[in-house]
Amino acid sequence: MTKKTDVMVLIDLVRALGYKNPEKLANWIRDIIKNKEDFDKRFHVAGPERDFGRREEKFLLDADAVVLVENLCFLKPYMSCFGKSMEDSREFQPYRILAKDKGFDRKELERKYKRLHAELQAMKEESEKALKELEIFHSILMNGKPVDITKEKLVKK
C-alpha cells in the first residue's frame with residue numbers, strides 16, 4: 001500500500017498517457033471515481049489541496065490508481081458495449097461485467113462490435129487509437145476470463 005503522500009493529479013496522469021482532450025477525459029474519470037463503486041474511498045486522496053504550479057488541484061489520486069485510470073481511458077470509446085446498470089446507480093458496468101464471467105450474449109456482442117466499429121470509423125480523428133485497439137478490446141470480451149480493472153491492465157504495453 002502506498003503512503004497517502006504519494007499522490008498524482010488526475011489530469012496530469014491522463015495527459016501523460018497521451019490521450020487527446022485530456023481535460024474532458026479526466027472529468028469523465030473523476031466522475032466515475034467519485035460516484036461509482038468504492039473507487040472514491042480506495043483511490044481519491046482527500047485532504048488539503050496541493051499547489052502544482054498553477055491553480056490548486058482538488059482531485060488527487062493515490063498512486064495505486066494508475067492502473068484504474070489507464071483502463072478507464074482505454075474503455076471510454078467502448079462504453080456503449082456495456083449498457084447501464086439496472087440494479088444500482090453506483091455500479092460501474094464495465095467493472096462488474098469484466099470481473100464476472102461476461103454476461104454477454106455472443107451474438108449480441110458481435111452486433112455491438114460491428115456497430116462500434118462503424119461508429120469509430122465515422123469519428124476518425126478522435127477515434128484513430130480506439131479503432132486500432134478495437135481488436136484488443138474485442139478479444140478481451142470474447143476471451144471470457146475475469147479481469148479486475150483496478151489491478152490488471154487491459155492493454156499490455
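1. One aromatic cluster stands out for discussion here: F39, F43, F92 and Y95 belong to it. Please keep in mind that this is a predicted model. Across the whole structure, a search turns up seven aromatic pairs.

2. Let's take F39 and F43 to begin with. Their ring centres are 6.3 Å apart and their planes meet at 45 degrees, so this pair is tilted. The angle falls between the cut-offs of 30 degrees for stacked and 60 for edge-to-face, which means that neither of those labels applies.

3. The spacing along the chain fits nicely with the helix. F39 and F43 are four residues apart in helix α3 (residues 39–43), so about one helical turn separates them. F39 has 0% relative accessibility and counts as buried. F43, with a relative accessible area of 5%, is buried too.

4. F39 also pairs with F92, and this contact is edge-to-face, with 6.4 Å from centre to centre and 75 degrees between the planes. Because F39 lies in helix α3 and F92 in the loop between α4 (66–75) and α5 (93–99), the pair ties together parts that are 53 residues apart in sequence. Both F39 and F92 are buried.

5. You may also like to look at two lysines placed over aromatic faces. K76 lies over the face of W28, at 4.9 Å from the ring centre. For K129, the ring underneath is that of Y19, and the distance to the ring centre is 4.2 Å.

Methods
Residues are numbered from 1 along each chain as its sequence is written. This is a predicted model: local features need pLDDT of at least 70, side-chain atom pairs count only at pLDDT 80 or more; totals for chains, interfaces and linings use all residues. Side-chain values use heavy atoms; hydrogens and water are left out. Rings of Phe, Tyr and Trp (its six-membered ring) pair if their centres lie within 6.5 Å; planes under 30 degrees apart count as stacked, over 60 as edge-to-face and the rest as tilted. Helices (H or I, at least four residues) and strands (E, at least two) are DSSP runs, numbered from the N terminus. Buried means under 20% relative accessible area, exposed over 50%, partly exposed in between (1.4 Å probe, protein chains only). A charge sits over a ring if NZ of Lys or CZ of Arg is within 6 Å of the ring centre and within 35 degrees of the ring normal.
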